[in-house]
Amino acid sequence: DGPGPTLPGFDAARVTFDATPLEGGGTRILLAGSVSEGDADRLSDALDAAEAPVTLALHSPGGVVQEALAMGRILRARQIVTEIPEGGACLSACPFAFAGGTVRSVAEGAWLGLHQSYFDQSTLLPAFIAVEQIQFGQGAVLRYLHEMGIDPMAMVHALETPADEVYVLTPEELVRYAFVTNRADADGG
C-alpha cells in the first residue's frame with residue numbers, strides 16, 4: 001500500500017543520470033527510467049564524470065536484468081553508495097543494480113519491489129531451450145545476490161509474483177534480506 005513512485009522520470013524509456021554536487025564535496029546522481037542495453041557503460045561514464053564520493057539514487061521500473069547485474073557490479077567495484085530516495089521506487093530489475101551499493105538505504109515510503117522475469121514469447125524457440133535459459137538466468141541472479149551480500153531467499157517473492165504484478169518488500173524484509181545496510185555493516189566487511 002502507499003502512493004507509489006512520485007519522483008519524476010520513473011516512466012522514461014531509457015535511464016537518465018542527473019548529477020548534483022553535494023555540499024562538502026562529492027556527487028549525488030539520480031538514475032531514473034528504464035534500464036536498457038548499454039546502460040552499464042553509460043553509468044560508468046556518469047561515474048567517471050562525477051566528483052567522488054558518489055551516491056547513486058535509483059528510481060526505475062526495471063528493465064534488462066543482465067544490464068542491471070552489470071550495473072551493480074560496476075557500483076560494487078567503485079565502492080558506490082546506493083539509495084532509493086523518498087518518493088522513489090526501484091522495481092523489477094532495478095533492485096539488482098541497487099544491490100551493488102556498498103552501503104544501501106531505502107527512504108521511508110520508497111518502494112523496492114520484485115517479480116518474475118518477463119520473457120518475450122517466441123514461437124521459434126523450443127520449450128526445452130526456453131526453460132534452460134530461464135533457469136540459467138535465475139541461477140545467475142541468485143549467484144549475484146549472494147556475491148552482493150543479499151539473502152537469495154528474497155527471490156522467493158520474485159518467483160511467486162507474476163511478471164505483471166510487483167511484490168514490494170516491507171521495511172522488515174529489506175533488513176532481513178540485507179537490501180538495506182548501515183555504514184558499520186559496510187565497514188565491517
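**Exercise 1.** In this predicted model, work out how strand 7 (residues 111-114) and strand 8 are joined: how many bridges are there, and do the strands run parallel or antiparallel?

*Solution.* Start with the pair itself: two bridges link strand 7 to strand 8, and the two run antiparallel. Next, look for a facing pair of residues: Leu-114 sits opposite Tyr-167 of strand 8. Now zoom out to the whole sheet, which is open, has three strands in the order 5-7-8 and shows mixed pairing. Its edges are strand 5 (89-91) and strand 8 (167-168), each pairing on one side only.

**Exercise 2.** Decide whether His-115 is buried or exposed, then find what its side chain reaches.

*Solution.* First, place the residue: His-115 lies in the loop between strand 7 and helix 4. Buried means under 20% relative accessible area, and His-115 comes in at 15%, so it counts as buried. Then go for the polar partners. Its side chain makes a polar contact with the Ser-92 side chain at 3.0 Å, and the His-115 side chain also reaches the backbone oxygen of Ala-163 at 3.4 Å. Setting aside neighbours within four places in sequence, the residues in contact with His-115 include Ala-158, Thr-161 and Glu-165.

**Exercise 3.** Find which residues touch the most other members of the largest nonpolar core, and which helix gives the most to it.

*Solution.* The core holds 43 residues, and the top touchers are Leu-47, Leu-56, Phe-96, Phe-98 and Phe-179. Helix 2 gives the most, with five residues. Finally, follow Phe-179 outward: beyond four places in sequence, it touches Pro-95, Phe-98 and Leu-112, among others.

Conventions: Residues numbered from 1 in each chain as written. Predicted model: local features only at pLDDT ≥ 70, side-chain atom pairs only at ≥ 80, totals over all residues. Heavy atoms only, no water. Pairing = 2+ DSSP bridges. Helix = DSSP H or I, 4+ residues; strand = E, 2+ residues; numbered from the N terminus. Core = buried A, V, L, I, M, F, W, Y, C linked by side-chain atoms within 4.5 Å. Buried < 20%, exposed > 50% of the residue type's maximum accessible area, 1.4 Å probe, protein only. Contact = heavy atoms within 4.5 Å. Polar contact = N/O pair within 3.5 Å; in protein donor to acceptor, adjacent residues only side chain to side chain.
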